[in-house]
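User: I'd like to learn how to read empty space inside a protein model. Can you walk me through one?
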Amino acid sequence: MSLVFSMAAFALAASITPGPVNIVALSSGARFGLRSSMRHVTGATLGFVGLLVLIGLGLHELLRQWPILTQGIRLFGVAFLLFMAWKLASDDGRLDTQDQARAPSAWYGALMQWLNPKAWLACVAGMGAFAADGELRQVWLFTAVYLVICYLSIACWAYVGSCLRHYLSHPAGVRLFNRSMAALLAASAAYLLF
């Protein structure tokens, strides 16, 4: 198996599986449509790739020397997930109001990745597996492969959400969907605490 294929397989397994960023992409696609959700997809991808590069360039050493930083990231991540769950759960489900909320921004997507423990684990594990010696060529190759796979994976979640949009034409359906997504985010947060 070639190195690039191995990198792509790792990136796909880590990116396409359910996680907080993908759940928000799904919810955004269902609520705002695919086009509006692509800002979140782009921001989440670039946020992840930025984190991946920094880990590849040595940030993991800092985290190993200062474990309190890792604990802080985890706790901020849990708090952020619970905040997002609360926002989804408290949404009224109305789709066409004057005060309609906006789809998650690119900054929101990037911030989610930096506060997402799943993203940190994927970065550390991936760079450990494919660029452990810190060779720049390997770091950049893995980053390029991951950029494409991550973008397409998160976009798939937003696309699936946009396909569900037709089934969520009533506020009660939107509320039920949003509360289901909020429960998944809260469950993700609870899992990270234990």
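User: Before that, in which helix is confidence lowest, and in which is confidence highest?

Analyst: This is a predicted model, where local features need pLDDT of at least 70 and side-chain atom pairs count only at pLDDT 80 or more, while totals for chains, interfaces and linings use all residues. Residues are numbered from 1 along each chain as its sequence is written, and side-chain values use heavy atoms, leaving out hydrogens and water. pLDDT is the predictor's confidence in each residue, from 0 to 100. Here confidence is lowest in helix α4 (residues 67-89), with a mean of 77, and highest in α7, at 94. Helices are DSSP runs (H or I, at least four residues), numbered from the N terminus.

User: How many cavities of 30 Å³ or more does a search of the whole structure find?

Analyst: Rolling a probe the size of a water molecule over the atoms shows where empty space is left. A cavity is a set of points on a 1 Å grid over the protein atoms alone where a 1.4 Å probe fits but cannot get out, and lining residues have an atom within 4 Å of a point. The search turns up 1 cavity of that kind, 30 Å³ or more. The largest cavity has a volume of about 130 Å³, a volume being the space filled by probe spheres set on the points, which are joined across faces, edges and corners.

User: Which residues lie nearest the centre of the largest cavity?

Analyst: Those are A14, S15, Q113, N116 and K118, out of 15 lining residues. α1 (3-16), α2 (20-32), α6 (117-130) and α7 (136-164) each supply at least two residues of that lining.

Technical notes. On a 1 Å grid over the protein atoms alone, a cavity is a set of points where a 1.4 Å probe fits but cannot get out, and a pocket is an open set with protein on both sides within 12 Å along at least five of seven lines; lining residues have an atom within 4 Å of a point.
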